Amino acid sequence: MSGATESRPVAHSKSFGPLRSRHGLGVICGLAAGVWLGAAEAPTKLVNSGLSPFAISLCMVAGVFTARWTIPTMLKGTRNVFADLAANKHLLVTAVLAGMLWAVANTLTVFAIRDVGLTIAFPIWNTNSLIGILWGRLLFGELKGASGKNIAKVLLGALAIIAAAIMLGFSTVHGDSHGSGHALNGVLAAAGASLLWGTMYIPYRKAYISGMNPLSFVTAFTVGELGTMFALVLALDGGTKAAVFHSPEIRPMLFWLFLGGFVWVIGDLFQQFATKYLGIGRGIPLSNTNQIWGVAWGALVFGELAHADLSHQLLVVAGSVVMILGALAVGTAVATEREHHSTNTSLQRECVRYGLNYQTVSAAYSGADTGPRSEGRAWWDYAIVAVAVSVFVYLGACARVPALNVSAGWICVLVAIMIATAVWCFVALRKASSFS
C-alpha cells in the first residue's frame, strides 16, 4: 500500500474463507447481541422505585465500567489490551467520544422508560438503525456498488422501521396507561437516544477498519462513559449532594443496576463484532432484534401490557413485528464483491491517513488477530477479576428485591435463552476468528 508504513507484523491466525462466512459470523453476533441488549434495560425499571434517571444511569455505567475492564482482562489480559491501545493511539479520542455519546443516550432511555414504559421505548430508540445506515453510506461507502436486491432490502427495511416507530409513538400518546404530556416527553427522550446511539457507531466502524480489536476498543470506550455520567450528575442532579452519593436507599439497588450494566457489556461486545463484520448499516438493524426481547421482558416479566386495551396492545404488537421484519430485511442483505471493494477503499484511506500497514489492517478486519502479543498474564489481571467478583458479592449481600410485580417463571426462561445464545456466539467466534 503506497504511503502506508509498517506498524506491526501480521501474526498467524485463522481465516474466514469466503465472504459469506464472515457475514454468517456477523449475523450470529448480531442475534446474540439482540438477546443480551434486550435484557440489559430491564433493571432500569427500578426508576419506578423513586430513583432519578441520572442515578439509575450512573449506577449502570459503574457496572459497565466494571465489566468492560473485567471481560477483556479475562479473555486477553491487560498487557495485550494496552499493547493494542498503544498501537492505535489515533483511535483513543474517538473511543472516548463514543463512550460519552453512549452515556447521554443511556440516560435518555431511562427517562423514556419512566414516561412510556420499556415495551414502547425500546422500538422508538431502535430507529438508531436508520441513523447508522445513513452514516455507513456517507462515511464508509456501505451499499456503494450493492446489488439492486440488497439496496431494496435496505430501503424497504428502513421504511418499515419508520412506519413501526410512527405506530408505536401513536399508541404511546393515545394509550390509556400514561398521560399524554409524559408520553410525549418519553417519545422525545427515546428519539434523542436513537440519534445519539446511531451516531455512536461511527467511532466503532472507524476503529475496526483501522484494525483495532473490539476488546481493546471497549476498554477506552468506558472512560468516556463514566466521566460523562459523573459530569451529568454533578451538573443536573444535585452536584456532590446528589442522592446517589448519600441516600441509604441506593445501596440495596446497586446490585441490580451493576448487573444490568454487566449484561449490557456482553451484548455490546457481540454487537461490536457484528458491526465489525457486517458494517453499520447491517450490524445495527440486526442487533436491534433486541426489540423483541425488550417486549418480552416488559410484557412477560413486568406485565406492562396487562391493563392495556385491545387496540393499544395490537398497535404495540404490530409495530414491534413490523420493526423486526424491517431490521431483518436490512440485516440479511449479504454484501457483494463490489460493495466489499467500496469498503476496502475506506480501509485504504484510513491506512494512508494514519500511516498503517495495509496488509496488517486488512487481515485484522477479516478476523485475524494481528495486534501485539504479550506472553502470560500479569498478577494484576487476577487482581482485577478478584476485585470485580468481590464488588458483586458485596453488592449482592446488600441487595433487596425491588417492590415490583415480576414473573419469576418468565425470568428463568429468558435467562436460559441468554445463556444459550452467549455460548453459541462465543463458540462461533472462537472457531472463526481470533476472539481471544
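**Entry 1: helix α12**

I listed the buried residues of α12 and got Ile280, Gly281, Arg282, Gly283, Ile284, Pro285, Leu286 and Ser287. That is eight of the eight residues of the helix, which spans 280-287, so I note α12 as largely enclosed by the rest of the structure. The model is a predicted one, and I read these entries with that in mind.

**Entry 2: the chain as a whole**

I then took the totals. The protein chain has 18 helices and zero strands. I find 56% of its 436 residues counted as buried. I also looked at contacts between residues at least 6 apart in sequence: 90% of them join residues at least 24 apart.

**Entry 3: Gln271**

Which residues does Gln271 touch, not counting those up to four places away in sequence? I find Cys29, Ala33, Leu37, Tyr201 and Ser287. Ser287 is already in my list of buried α12 residues. Gln271 itself sits in helix α11, residues 251-278. Its relative accessible area is 3%, so I put Gln271 down as buried.

**Entry 4: cysteines**

Cys29 turned up among the contacts of Gln271, so I checked its sulfur, and the closest cysteine sulfur is in Cys425, 3.8 Å away, too far for a bond. The cut-off I applied for a disulfide is a pair of sulfur atoms within 2.5 Å. Looking from the other side, Cys425 is in no disulfide, and its nearest cysteine sulfur is that of Cys29. Searching the whole structure gave zero disulfides.

Are the two cysteines buried or exposed? Cys29 counts as buried because its relative accessibility is 0%. Cys425 is buried too, with a relative accessible area of 0%.

**Entry 5: Asn290**

I looked up Asn290 next and found it in helix α13, residues 290-301. Asn290 has a relative accessible area of 5%, so I record it as buried. Leaving aside neighbours within four places in sequence, I have Asn290 in contact with Gly34, Leu37, Gly38, Phe122 and Asn126. Leu37 is one of the residues touched by Gln271 and is also in contact with Asn290.

**Entry 6: α2 against α9**

I compared the axes of helix α2 (residues 53-75) and helix α9 (residues 214-236). They come within 9 Å and cross at roughly 160°. Angles over 145 degrees count as roughly antiparallel, so I enter α2 as roughly antiparallel to α9. I have the crossing of α2 and α9 as left-handed.

What kinds of residue make up the contact of α2 with α9? The residues divide into 18 nonpolar, three polar and two charged. On the α2 side I noted, among others, Phe54, Leu58, Val61, Phe65, Arg68 and Trp69. On the α9 side the list includes Leu215, Val218, Phe221, Glu225, Met229 and Phe230.

**Entry 7: Leu97 and Glu225**

Glu225 is one of the α9 residues that meet α2, and I looked at it again with Leu97. How far apart are Leu97 and Glu225, in sequence and in space? They are 128 residues apart in sequence and 8.6 Å apart in space, C-alpha to C-alpha. I place Leu97 in helix α4, residues 92-116. Its relative accessible area is 43%, so I call Leu97 partly exposed; the band for that label runs between 20% and 50%.

How values were computed:
Residues numbered from 1 in each chain as written. Predicted model: local features only at pLDDT ≥ 70, side-chain atom pairs only at ≥ 80, totals over all residues. Heavy atoms only, no water. Helix = DSSP H or I, 4+ residues; strand = E, 2+ residues; numbered from the N terminus. Buried < 20%, exposed > 50% of the residue type's maximum accessible area, 1.4 Å probe, protein only. Contact = heavy atoms within 4.5 Å. Axes fitted to C-alpha atoms, helices over the stretch in contact; angles between N-to-C directions. Parallel < 35°, antiparallel > 145°, perpendicular 65-115°, else oblique. Left-handed = near helix turned anticlockwise from the far one by under 90°. Nonpolar A, V, L, I, M, F, W, Y, C, P; charged D, E, K, R; others polar.
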